[in-house]
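Here is a short briefing to read with the model open beside you. The topics run from the whole chain to its empty spaces and then to a few single residues.

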Amino acid sequence: MTTDLRALTPADWDAWYGKLELAFGGVPESAEERALWSDLTEYDRSLGVWDGDECVGTAGAFSFRLTVPGGASVPTAGVTMVSVASTHRRRGVLTSMMRRQLDDVRSWGEPLAALTASEPAIYGRFGYGIATQQLRAEIDTARVRLSVPDGTDDVRLRLVKPAAPGVPEACEAVYARHVAERPGMLARRPGWERLPLLDPESDRKGTSPLQCVLARRGDEVVGYARYFIKPDWEPAGPKGTVEVRDLEALDPAAYAALWRHLFGIDLTSRIKLWNRPLDDAWQHLVSDTRRCDLAPRDSLHVRLVEVGAALEARTYQAPVDVVFEVEDAFCPWNEGRWRLSGDAKSASCARTTDPADIALSVRDLGAAYLGGVSLVSLAAAGRVRELRRGALGEAAPGFASVVAPWLPHGF
């Protein structure tokens, strides 16, 4: 098969994006969605594979900054919009795009690449490890009680239109204050504030338009929640559902006040959460987590494009001095031994000829990178090998994160 792999141009976008839609089921997106993704596409960082005049493969890479343990915001390629036409499966199209893309990311000087996967089994062979999870839940608010801490009386809540003047900016300011606090969060570049406001009628599936409530203390916005309401009835009465898109708050009182509002919405008896951190604090405010139907799911897959630079970019909860033997067949410049020395303030990582303490693949190093997956757990699964007795016990505490890493939204 003779194909042409090349960077995307604006003239190619409609055909390119149409192939992406077809690969994901063939249902055309709304004009609102297409306009947003057209505006956000970075053409010089997007690839298409063409068989004659037909697009048969797509891939993109947004220029993000990802929070890592220690709070640094690290340049990261946000891999996205990956598809291969059903007529061109198993012909090397995906591998050719992944090869070109990682070479490009390296040339751009970005030490990390990250993605969310439609099918999580696909990307491990290219060195991506599952580094964060998202929590899904369905809370039975008719039977689960909510207890809130003191201090909520001075928090004032107001329903507002999500896109009303000043509202998106106020919400983005709250979001931005959290970015450095939790590994896995993305600093939102201009234009990305439109994503949480996306609300095409064709996607609602019986829910209300997007709603927004702001929490204020005095003149300051200290939190917000955006959600949909899906009304439903049974012979005994209403049983509507509140479907939460996002919720952020600057302090426990504002956070609890927002949750109290969600629990108290008339004619509803359930709250659905699609994407929350594993350690989300509402779990300590409810009376019965068994009736909350908790379910984790893989979220952000991380790939160390430059092992040394990536390990130096984060800090470590406990002092670390370890030599890794890294396996990376897809990006062989990472292969070999690396000495990592770091603590809570800084880190250094360089090649060494010293004996290795721990052997692992770049995929598993990516899984452990944000602090949500333990090296000890990976070793128990046979994915990491301890070559010097005690090395795992020394290294694992340093890699941990104080809070669960979390990706708040997809891309």
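A contact here means heavy atoms within 4.5 Å of each other. With that in hand, Leu94 can be placed: leaving aside neighbours within four places in sequence, Leu94 is in contact with Val82, Val84, Ile122, Arg125 and Phe126. Please keep in mind that this is a predicted model.

**The chain as a whole**

- The chain holds nine helices and 21 strands.
- Along the principal axes, its C-alpha atoms fill a box of roughly 65 × 55 × 40 Å.
- The radius of gyration is 23 Å, which agrees with a compact globule, because a globule of 411 residues would come out near 22 Å.
- Of the 411 residues, 53% count as buried.
- Among contacts in the chain with a separation of 6 or more, 72% are accounted for by residues 24 or more positions apart.

**The cavity**

- How many cavities of 30 Å³ or more does a search of the whole structure find? The search finds one.
- The volume of this largest cavity is about 30 Å³.
- Its lining is made up of Thr41, Glu42, Ser46, Gly60, Ala61, Phe62, Thr80 and Met81.
- Strands β3 (54–67) and β4 (73–84) each supply at least two residues of that lining, and β3 gives the most, with three residues.
- Sorted by class, the lining has three nonpolar, four polar and one charged residues.

**The second largest pocket**

- About 450 Å³ of space lies in the second largest pocket.
- This pocket is lined by 21 residues, and the closest to its centre are His178, Arg182, Ala249, Tyr255 and Asp280.
- Two elements, β13 (240–249) and α5, give two or more residues each to the lining of the second largest pocket.
- By class, the lining of this pocket has 13 nonpolar, one polar and seven charged residues.

**The annotated binding site**

- An unreviewed UniProt entry carries the annotation "binding site" for Val82, Ser83, Val84, Arg90, Arg91, Gly92, Val93, Leu94, Thr95, Ser118 and Glu119.
- Where does Gly92 sit? Gly92 is in the loop between β4 and α3 (93–107).
- Gly92 has 40% relative accessibility, so Gly92 counts as partly exposed.
- Leu94 belongs to helix α3.
- Is Leu94 buried or exposed? Leu94 is buried, because its relative accessible area is 15%, and the cut-off for buried is under 20%.
- Val82 and Val84, two of the contact partners of Leu94, are also among the residues that the UniProt annotation covers.

**Positive phi outside glycine**

- Arg90, one of the residues under the "binding site" annotation, has a phi near 55°, a positive value in a residue other than glycine.
- Arg90 lies in the loop between β4 and α3.
- The relative accessibility of Arg90 is 85%, so Arg90 counts as exposed.
- Leu267 likewise has a positive phi for a residue other than glycine, near 65°.
- Which loop holds Leu267? Leu267 is found in the loop between α5 (252–263) and β14 (268–276).
- Leu267 counts as exposed because its relative accessibility is 51%, and the cut-off for exposed is over 50%.

Methods: Residues numbered from 1 in each chain as written. Predicted model: local features only at pLDDT ≥ 70, side-chain atom pairs only at ≥ 80, totals over all residues. Heavy atoms only, no water. 1 Å grid on protein atoms, 1.4 Å probe; cavity = no way out; pocket = protein on both sides within 12 Å on 5 of 7 lines; lining within 4 Å. Points joined across faces, edges and corners; volume = space filled by probe spheres on them. Helix = DSSP H or I, 4+ residues; strand = E, 2+ residues; numbered from the N terminus. Nonpolar A, V, L, I, M, F, W, Y, C, P; charged D, E, K, R; others polar. UniProt positions renumbered as here; feature names shortened; annotations may be inferred. Buried < 20%, exposed > 50% of the residue type's maximum accessible area, 1.4 Å probe, protein only. Rg over C-alpha atoms; globule rule 2.2 N^0.38 Å.
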